[in-house]
Each structure stands twice: as structure tokens, then as C-alpha cells.
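Student: Please pick one part of this model and go through it closely. I would like the setting first, then the details, residue by residue where that helps.

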Amino acid sequence: MTLTPLLPLMYEPLVRTALLEDLGRAGDITADAIVPADRNASLVLRARQPGVVAGLDIAACAFQLVNPAVSLTAERPDGSVVAPGDVIAAIEGPARGLLTGERTALNFLCHLSGIATATASLVSAAQGTRARIVCTRKTMPGLRTLEKYAVRAGGGSNHRFGLDDAMLIKDNHIALAGGVRTAIERANALAGHLVKIEVEVDTLLQLEQALAVGVDAVLLDNMTLEELRQAVAMTGGRAITEASGRITAETAKAIAATGVDLISAGWLTHSSAALDIGLDYLGLNQKAA
């Protein structure tokens, strides 16, 4: 799968806001006091853990917003698998700019690489099956575009981006509508011709009701492996099947083997551990190994 980079317009405002939060009212008083204004330096972004890289363009943006003279050369582009000690990118430029942008750059890069790494673990578990790994709307406020990009960098796919690009009828919708059939019929009445409809079902009876009306996809929530196998057989290709509910790298393989089309996991974006990446100083004349 080809990873399409994000347009700078999609992340530059976020990076700018993060830098302004860090710079406060007086700027980087430590770097300005200690480092001569004309000093240049070479540094490398280096992996401290095994994982998958995501967010290099965002990291580069952080440095270049501080000082446009900073250059970043990717050695392991987004989507690359790295081992401890691998150089991810070489960075050169005015030393003050490098130090001032460091934390913001690493905050984005480590967070997004952690999501990509976690996604890759589920993708690996589902390998050899038809199941694709997808994320959810359980993202950090303001970071959804970046976090969903990181899922793609890890080999996963994206679910809907918001409330406005697809209809997902969940348990509370069903309860308030008075039942599965009523909820779907009301959704069909208002959905545009390009809007897909998915319904969450907890039981095989609800699935039967949903299929009788007709939907584009069914979210099989917290079902057992046997229930998932029965649900796939009942659906018979009439709708996309999505398994969800406390899925981990340890359980994903068996869930994928049931024949579902999608496996969704909210923790990929809301709870993935950051990947440990450091910024190492090479000196004034050293180059990256």
C-alpha cells in the first residue's frame, strides 16, 4: 500500500500551536543564552526501540517553523520498520533552531510512530486473512488527521473521519429509535446517495434484523469467536463485517480467522505507547553513520 503524505496545510497549524505553547512569552531563553546565534550543528533522529516510523514531515515542520534554514533528510521514511540504533533522519542547521524545535518535533514523531507501531502489530497478527485493521473516532482532540495518518503508516486503514462522512448506528441510537429496523429505515430516508450506513449489533438476532432491512456494513460488537463465524456466514457477503471490542495483538489472529472483513480497535489512537526516539548530537563536523 502506497502511503500518501499529508499536505502541509493539514498539519502546519497544529505544529505552530504546539510551538507557541512551548515558546510562551519569551522564547527559548535557555538556548538563546547558551548557544551562539551563528552556531550550526548536525543531529540525527535515532530509534531507541523497534517500531514503525510516522510523522517525519511533521517533525521537519517543527524545526523549520523555528528556523527555515534547518534541513531534514529522511533515512527511514514514514512506514519504515526500524530497530534500536537505526538513524531515522539526519538534521542540520542553526543550533538554536534545532534545540528550540526538538521537543515539539519529538512529541509528534514519537506519538505518531507509537500509533504506527501498534497498528503494525495488529496487521501482522491478521496476516494471511482477509481482515483489514481499522481505527476509530477515539482520537485525541485536534489530532485526528495526524493519528489516522499514522494508522495508515502502520499498514492499517481508516474508518470514518467524523460524524458527517458516514452513518454508524450504535446501541444508543437503536435504543432511542425503538429498534434496529426503525433506526435503519430512518437512516435510509435521510442518507445521501454517497453516504454508507453501518449498524452496530450485539446479537445474531439484531444482525438478522439489520440484514433484513439492508445496510452497507455491520459492526459485530464484543461477539465470541463462534458468534463471529456465524455472523459472517449469515451475512454471506451482503454487508461488510467489522469485529470490534477489546481487540489486542494476542486476540486479533483468531478474530481475523473468523472471516470478518474489518477489525477495529480504538486503543490504536487513544492508548498506544509512544515510540522512544532520541535526537543525538553529532558535533560540529560529524555526519550520520
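Tutor: Helices and strands here are DSSP runs, numbered from the N terminus; a helix run is H or I with at least four residues, and a strand run is E with at least two. The model is predicted. By that count the protein chain has 11 helices and 12 strands.

The setting comes first. The C-alpha atoms of the protein chain fill a box of roughly 70 × 40 × 25 Å along the principal axes. Of the 289 residues, 47% are buried. Taking contacts between residues at least 6 apart in sequence, 70% join residues at least 24 apart. The domain assignment divides the chain into domain 1, made of 8-116 + 273-281, and domain 2, covering 123-271. The centres of these two domains, taken over C-alpha atoms, are separated by 35 Å. Their contact involves 16 residues from domain 1 and 13 residues from domain 2.

The part to look at closely is the open sheet. It is built from 6 strands in the order 6-11-10-9-8-7, and the pairing is parallel. Strand 6 (132-134) and strand 7 (167-169) are the edge strands, each pairing on one side only. From one strand to the next the twist averages 25°. At the strand 6 edge, 3 bridges join strand 6 to strand 11 (residues 262-264), and the two run parallel. One residue pair can be picked out there: Arg132 has Leu262 in strand 11 as its bridge partner. Helix 7 (residues 180-190) packs on the sheet, where it touches strand 7 and strand 8 (197-201). The direction of helix 7 makes about 170° with that of strand 7.

Two loops that follow strands of this sheet deserve attention. The loop between strand 9 (217-221) and helix 9 (225-235) contains Asn222. Asn222 is not a glycine, yet its phi is positive, at about 55°. Its relative accessible area is 38%, so Asn222 counts as partly exposed, between the 20% and 50% cut-offs. Arg246 sits in the loop between strand 10 (240-244) and helix 10 (252-256). Arg246 also has a positive phi of about 55° without being a glycine. At 72% relative accessibility, Arg246 is exposed, because the cut-off for that class is over 50%.

For a view away from the sheet, take helix 1 (residues 12-23). With 12 residues at 1.5 Å each, helix 1 should span 16 Å, and its end C-alpha atoms are 16 Å apart, which agrees. Val15, Ala18 and Leu19 are its buried residues. Seen down the axis of helix 1, these fall within an arc of 100°, so they line one face. An α-helix has 3.6 residues a turn, so residues three or four places apart point the same way. Thr17, Leu20 and Glu21 are exposed, on the face of helix 1 turned away from the buried side. The cover over the buried residues of helix 1 includes helix 3 (56-66) and helix 4 (95-125). After helix 1 comes Gly24, with a positive phi near 60°.

Key. Residues numbered from 1 in each chain as written. Predicted model: local features only at pLDDT ≥ 70, side-chain atom pairs only at ≥ 80, totals over all residues. Heavy atoms only, no water. Pairing = 2+ DSSP bridges. Axes fitted to C-alpha atoms, helices over the stretch in contact; angles between N-to-C directions. Contact = heavy atoms within 4.5 Å. Expected span 1.5 Å × (residues − 1). Buried < 20%, exposed > 50% of the residue type's maximum accessible area, 1.4 Å probe, protein only. Arc of directions from axis to C-beta. Domains from an automatic or database assignment.
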